[in-house]
Amino acid sequence: MNHPQANDLSVEIWEKDRAHFLHPWTHFDSFREEGSLVMEQASGVYLSDMNGNRYLDGIGGLWCMNIGYGRQEMVEAIAAQVAKLTYANPFCDVTNPPAALLAARLAELAPGDLNHVMFSCGGSTANDSAYRLIQYYHGCRGNGERQIVLSRRGAYHGSTYLAQSI
């Protein structure tokens, strides 16, 4: 059971999570009894739950924490950027300096004539965007009938409807 033993606040957070937070890929019958394992802090490659138990994060926060947790230089870089510009919608013709500079650097590092970048929030939406871009490309070239996508049986392409469909 994932029930916290630390203090009243830990128990309150655990109960509120169990009552209100719909987690992806949850097995609802066991979740009703066990609830979530509530992580409270992290450092380096380890996570710690509300009871003080430490866990090695072997999958890097679901593949997005490859630099580790608690890196002071990242804290400072993120704080400086958030103080300047938290977010700018990239749709149509809006950009921001970090996105433009990173796109140029990635294009410089890419092989051959690969020189355009599309940013995404995660793997699922990246696959969705790639699929839509391919459909658009073929439509513009007059090949709109090209609709078939090949993938391996049982392969994982993401958790959005389109990525799951692939």
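How many residues lie between β1 and β2 in their hairpin, and which residue in the turn has a positive phi? There are 2 residues between the strands, and G44 is the turn residue with a positive phi, about 65°. This is a predicted model, and the tour below starts from that hairpin. It then moves on to the rest of the sheet, to two loop residues with unusual backbone angles, and to the salt bridges and helix α5.

**The sheet**

- The order of strands is β1-β2-β3 in an open sheet of 3 strands, and the pairing is antiparallel.
- Since β1 (39–43) and β3 (54–56) each have a single partner strand, they stand at the edges, so each has one side without a neighbour in the sheet.
- On average, neighbouring strands here are turned by 30° against each other, with direction ignored.
- Strand β2 covers residues 46–49 and runs antiparallel to β1, to which it is joined by 4 bridges.
- Two of the residue pairs are handy landmarks: S43 has Y46 of β2 as its bridge partner, while M39 is partnered by D49 of β2.
- On the other side of the pairing scheme, β2 and β3 are linked by 3 bridges, again in the antiparallel sense.
- Here L47 is found opposite Y55 of β3.
- The hairpin of β2 and β3 has 4 residues between its strands, and G52 in that hairpin takes a positive phi near 90°.

**Positive phi outside glycine**

- As background, most residues other than glycine have a negative phi.
- W25 is not a glycine, yet its phi is positive, at about 60°.
- You will find W25 in the loop that runs between α1 (8–20) and α2 (28–34).
- W25 counts as exposed because its relative accessibility is 65%, with exposed meaning over 50%.
- C92 is another non-glycine residue with a positive phi of about 60°.
- The loop that holds C92 lies between α4 (72–84) and α5 (97–109).
- With a relative accessibility of 83%, C92 also counts as exposed.

**Salt bridges**

- Side chains of opposite charge can pair when their charged atoms come close.
- The whole structure contains 4 salt bridges, and three of the pairs are described here, beginning with R32 and D29.
- R32 and D29 meet through their side chains at 3.6 Å, N to O.
- Both R32 and D29 belong to helix α2, where they sit 3 residues apart, about one turn of the helix.
- E73 pairs with R71, and their closest N and O atoms are 2.5 Å apart.
- E73 is partly exposed, since its relative accessible area is 41%.
- R71 is likewise partly exposed, at 34% relative accessibility.

**Helix α5 and its salt bridge**

- N96 caps the N-terminal end of α5, with a side-chain oxygen 3.0 Å from the backbone nitrogen of A99.
- The helix has 13 residues and spans 18 Å from its first C-alpha to its last, close to the 18 Å expected at 1.5 Å a residue.
- Within α5, R105 forms a salt bridge with E108, and the closest N and O atoms are 2.5 Å apart.
- Because R105 and E108 are 3 residues apart in α5, about one helical turn separates them.
- An α-helix has 3.6 residues a turn, so residues three or four places apart point the same way.
- R105 is partly exposed, with a relative accessible area of 41%, whereas E108 counts as exposed at 59% relative accessibility.

Definitions and conventions
Residues are numbered from 1 along each chain as its sequence is written. This is a predicted model: local features need pLDDT of at least 70, side-chain atom pairs count only at pLDDT 80 or more; totals for chains, interfaces and linings use all residues. Side-chain values use heavy atoms; hydrogens and water are left out. Buried means under 20% relative accessible area, exposed over 50%, partly exposed in between (1.4 Å probe, protein chains only). Two strands pair if DSSP finds at least two bridges between them. Axes are lines fitted to C-alpha atoms, for helices over the stretch in contact, and angles run from 0 to 180 degrees between N-to-C directions. The expected span of a helix is 1.5 Å times one less than its number of residues. A polar contact is a pair of N or O atoms within 3.5 Å; within protein, one must be able to donate a hydrogen and the other to accept it, and residues adjacent in sequence count only if both atoms are side-chain atoms.
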